[in-house]
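Please open the model in your viewer and keep the selection panel at hand. The stops below can be followed in order, each beginning with something to select.

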4 protein chains.
Amino acid sequence: MSDASGGEGAALHVEERVQQEIRDVRARWRTRQVLDAAVRLMHDGGFQAVSMQALAKEANVSVGLIYTYFGAKEDVVVAVVLDLVEQIRAAMDARMSDAGSDPVERMVAGFGAYCSVMDSQRNAGLLTYRQSGELGQQARYRLKDAERTTLVPLRDAAGEAVAAGLFVEGADIDLLAFDLMILAQTWALKHWHFPDDYDVHRYVAAQSAAALRSVLAPVAHPRYRHLISPSVPSSS
Amino acid sequence: MSDASGGEGAALHVEERVQQEIRDVRARWRTRQVLDAAVRLMHDGGFQAVSMQALAKEANVSVGLIYTYFGAKEDVVVAVVLDLVEQIRAAMDARMSDAGSDPVERMVAGFGAYCSVMDSQRNAGLLTYRQSGELGQQARYRLKDAERTTLVPLRDAAGEAVAAGLFVEGADIDLLAFDLMILAQTWALKHWHFPDDYDVHRYVAAQSAAALRSVLAPVAHPRYRHLISPSVPSSS
Amino acid sequence: MSDASGGEGAALHVEERVQQEIRDVRARWRTRQVLDAAVRLMHDGGFQAVSMQALAKEANVSVGLIYTYFGAKEDVVVAVVLDLVEQIRAAMDARMSDAGSDPVERMVAGFGAYCSVMDSQRNAGLLTYRQSGELGQQARYRLKDAERTTLVPLRDAAGEAVAAGLFVEGADIDLLAFDLMILAQTWALKHWHFPDDYDVHRYVAAQSAAALRSVLAPVAHPRYRHLISPSVPSSS
Amino acid sequence: MSDASGGEGAALHVEERVQQEIRDVRARWRTRQVLDAAVRLMHDGGFQAVSMQALAKEANVSVGLIYTYFGAKEDVVVAVVLDLVEQIRAAMDARMSDAGSDPVERMVAGFGAYCSVMDSQRNAGLLTYRQSGELGQQARYRLKDAERTTLVPLRDAAGEAVAAGLFVEGADIDLLAFDLMILAQTWALKHWHFPDDYDVHRYVAAQSAAALRSVLAPVAHPRYRHLISPSVPSSS
DNA sequence: CATGAATGAGCCTTCATTCAT
DNA sequence: TATGAATGAAGGCTCATTCAT
């Protein structure tokens, strides 16, 4: 475009790309700073209990900067939830791959991963439930769509199990996947219902066993005894 | 002001009692006015989206009056939730009595009742989830206690079922009752996950069947075929 | 409406009316408080230079109260201008009546009244010019309409003068009325163009004379010599 | 970087001058860029409605650069107005020269030029009125001085007309020039008072005629019939 | 010269709560 | 009891200005 020598043009081009990259990195860093601060502050009280001023302070940035990276408070909420969903998706992917090819094992691994993330990100988990009402229609739709994507891996595994004849005929795999998702999210919301020594692992084991007993074909029972029999102790 | 005459002492006494009764009735009436208005307004946006001014207007009372009957906004939230819990308790009582003496039937009836109330009181139902974070510790404990009471009828019925040998050995009835409660509440929160033609009755049938298949002893299966077989249609 | 004795009903009715009247009086008092404070503060700097906090302080009321009587900041601006227009209208009415039936005298009296109000309400006068751009379309239309009403008395008097054959044939009375309005408003905005000893009366005399010389029919000149001849001193 | 060679001293000197010139040109170009953008953005809403960020974007420069060429936002406003005044002065100069030596013709030409510029630069014209209040004392004085300079050509022409015996004795030429200036500015501010088909040319003709009728000596009437008689149509 | 990320004071507005009537 | 005018702290958001690169 300029009549400068090729070398210079290329140099400029490179510099521009570098600048762009720097901007990108910084943007990601800032975004994470804010998101992490948000999760930390949401510990007690929903998001509307967190003022942008407080968020800025916790994130060690100025109020104005948050508005540079997120357009409005609502967008921060949405970003937090989408971030959580992404973590869930990643954790499920990883653990389900590790679980090998057995669809039932994979499904249980996915559920376990879901619960683990919810356990470590309780604050963020609450958001999905608490804030949805305060958001605009659009934001609500985005969150719903995101939630739906966390359903897919579980349903897929369940579908494979059905195809492999491991589930009883007529098992409602959509409902199964839905219930598993709900129960995973529930851990973050309602763990106080359980005794203090009840941890997420016992929860996963107990819920997995209950769910499998509901859908596992009789012939498959022996094969998954380790998943359904480990006597889940009464909680109280 | 009154034309009371003679037997002044007695008359006054009577009048006092009458006055007292009037006060009580009025208080209940006012309380209900406010509570109903609150539920109506909470329809879109959590409770913090409803100002006391708006609440007063919707309830056709003055702002000050709300503060006479409820000490603070928080107390209104608590009252709304407690009111919902009371409705749930009443509905479960009624439907479980109607269901006769069979513990399994009673449990399913209780679950159905829970879901029905949540279906008709979606707004209030959301409150339990949405607002809990914004309340003080004390209020939170009161709500948790209240929620726990809705668990009792389900667990009792489940306990009877175990005693009657209707459930598989080692069935975790605490977890069962917990899950039923969660799934009932879930209907209010997440019904948008289901197709439009999916109503609360299908939901109750499908979830009941899934739950029973998980815990019902093999010998009891034939007896409750109507509850577990009604082909639960795939949702979507 | 109630079955109480007529006396009581009437008493209540009266009390209600009294309450209503008290409210009205208070509202007017508050409104004036705020309006006056607004005019005072607008002295230097347009309206957007006045914060609602500062306005509240100057008016000795709370910020919230302003929002009770005016819905938004914009409404305060509009009210200030409408108030000014009302004062202009009233002053013109009064002075034009006093001026008798001669249309030319009436027109000049109206112009003088307009200038007098603008002189005593310079701050408010500036508003019309300064703020219009910051307002919403609707508000802008309301202000324009209001301004147009101040034109009417001048044009009417001019019309009568034409009918009485006092003006030259083909005099553009619309333009005349417009120019008089503009020049009246101009006094508030641009009086700094004139020497310090130039006051509003000299301004009125000079502008009236100039305007009349432009439109007065030759035959009418002698009759209005006192209005057109008083040697308008050069404003160095 | 440069391939300059030999005569190093001289070359550098030349280069320096060239550099300086480049800097100047760039500075003027940048300044104009910003000023034009400012006028464009001020179209709706005063200047305070335009943020420096928006201005930078519209001008295709960075925010910082604006602060390099103008010290503060206020200075941009001042520059815009001074720029407008300069345009007015230039247009008046040009058109008054074209008008020949007749002082009356020159005055009317000057007024027409003033109006034309105000017509094409309505946005900037509003600034003079709208923003003055928001500026510091100093800036205000600078603007007032600038405005006064636009008065001079009109007053000079009027003075010549008096000297030539074209105006009635005792005509207040200061007031005449003042009124012409005001009425020219008024076109930008209040043209909405006129019918849609009323354009700036009709406005100039009508106002010129009215003004001349006020000051023209009877003997001069025939000579300027084309300026005062062209029946000014009633506007409405 | 030029950039634009970053700052933070300050703005308009809302709303829980009080209190004189 | 009941009212609703009044308060004022606090919240979300903007934008003039600075400064490291």
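In this predicted model, begin by selecting residues 73-98 of chain B, which form helix α4, together with residues 103-120 of chain B, which form helix α5; the axes of these two helices come within 8 Å and cross at roughly 145°. The crossing of α4(B) past α5(B) is right-handed. To see where they touch, show the side chains of Gln87(B), Ile88(B), Ala91(B), Met92(B), Arg95(B), Met96(B) and Asp98(B) on α4(B), and then those of Arg106(B), Ala109(B), Gly110(B), Gly112(B), Ala113(B), Tyr114(B), Ser116(B) and Val117(B) on α5(B). Coloured by class, this contact between α4(B) and α5(B) shows 8 nonpolar, 4 polar and 3 charged residues.

Next, select DNA strand E and the protein around it. There are 34 residues surrounding this strand, and the closest are Gly64(A), Met52(B), Ser51(C), Gly64(C) and Gly64(D). Two or more residues of the surface near DNA strand E come from each of α1 (6-41) and α3 (63-69) in chain A, α2 (52-59) and α3 (63-69) in chain B, α2 (52-59) and α3 (63-69) in chain C, and α1 (8-41) and α3 (63-69) in chain D. By class, the surface near strand E holds 15 nonpolar, 11 polar and 8 charged residues.

Then move to DNA strand F, which is likewise surrounded by 34 residues, with Ser51(A), Gly64(A), Gly64(B), Ser62(C) and Gly64(C) as the closest. Among the elements that each supply at least two residues of this surface are α2 (52-59) of chain A, α1 (8-41) of chain B, α1 (6-41) of chain C and α2 (52-59) of chain D. The surface near strand F comprises 14 nonpolar, 12 polar and 8 charged residues.

Now select chain A alone and colour residues 1-71 as domain 1 and residues 74-226 as domain 2, following the domain assignment. The centres of these two domains of chain A, taken over C-alpha atoms, are 32 Å apart. Domain 1 of chain A brings 11 residues to the contact and domain 2 of chain A brings 14; on the domain 1 side, 7 are nonpolar, 4 are polar and none is charged.

Finally, colour chain A by pLDDT, which averages 88, with 89% of the residues scoring at least 70. Which contacts does the stretch of residues 1-6 of chain A have beyond near neighbours in sequence? There are 2 in the model, and pLDDT over this stretch is below 50. Residues 231-236 of chain A also have pLDDT under 50, and there the model has 15 contacts beyond four places in sequence. Where pLDDT is low, predicted coordinates should not be read in detail.

Key. Residues are numbered from 1 along each chain as its sequence is written. Chains are lettered from A and ligands numbered from 1 in the order in which they are written. This is a predicted model: local features need pLDDT of at least 70, side-chain atom pairs count only at pLDDT 80 or more; totals for chains, interfaces and linings use all residues. Axes are lines fitted to C-alpha atoms, for helices over the stretch in contact, and angles run from 0 to 180 degrees between N-to-C directions. Helices (H or I, at least four residues) and strands (E, at least two) are DSSP runs, numbered from the N terminus. A crossing is left-handed if the near helix is turned anticlockwise from the far one by less than a right angle, and right-handed if clockwise. Two residues are in contact if their C-beta atoms, placed from the backbone, lie within 7 Å. Ala, Val, Leu, Ile, Met, Phe, Trp, Tyr, Cys and Pro count as nonpolar, Asp, Glu, Lys and Arg as charged, and the others, Gly among them, as polar. A residue is near a molecule or strand if its C-beta atom, placed from the backbone, lies within 6 Å of it. Domain bounds come from an automatic or database domain assignment. pLDDT is the predictor's confidence in each residue, from 0 to 100.
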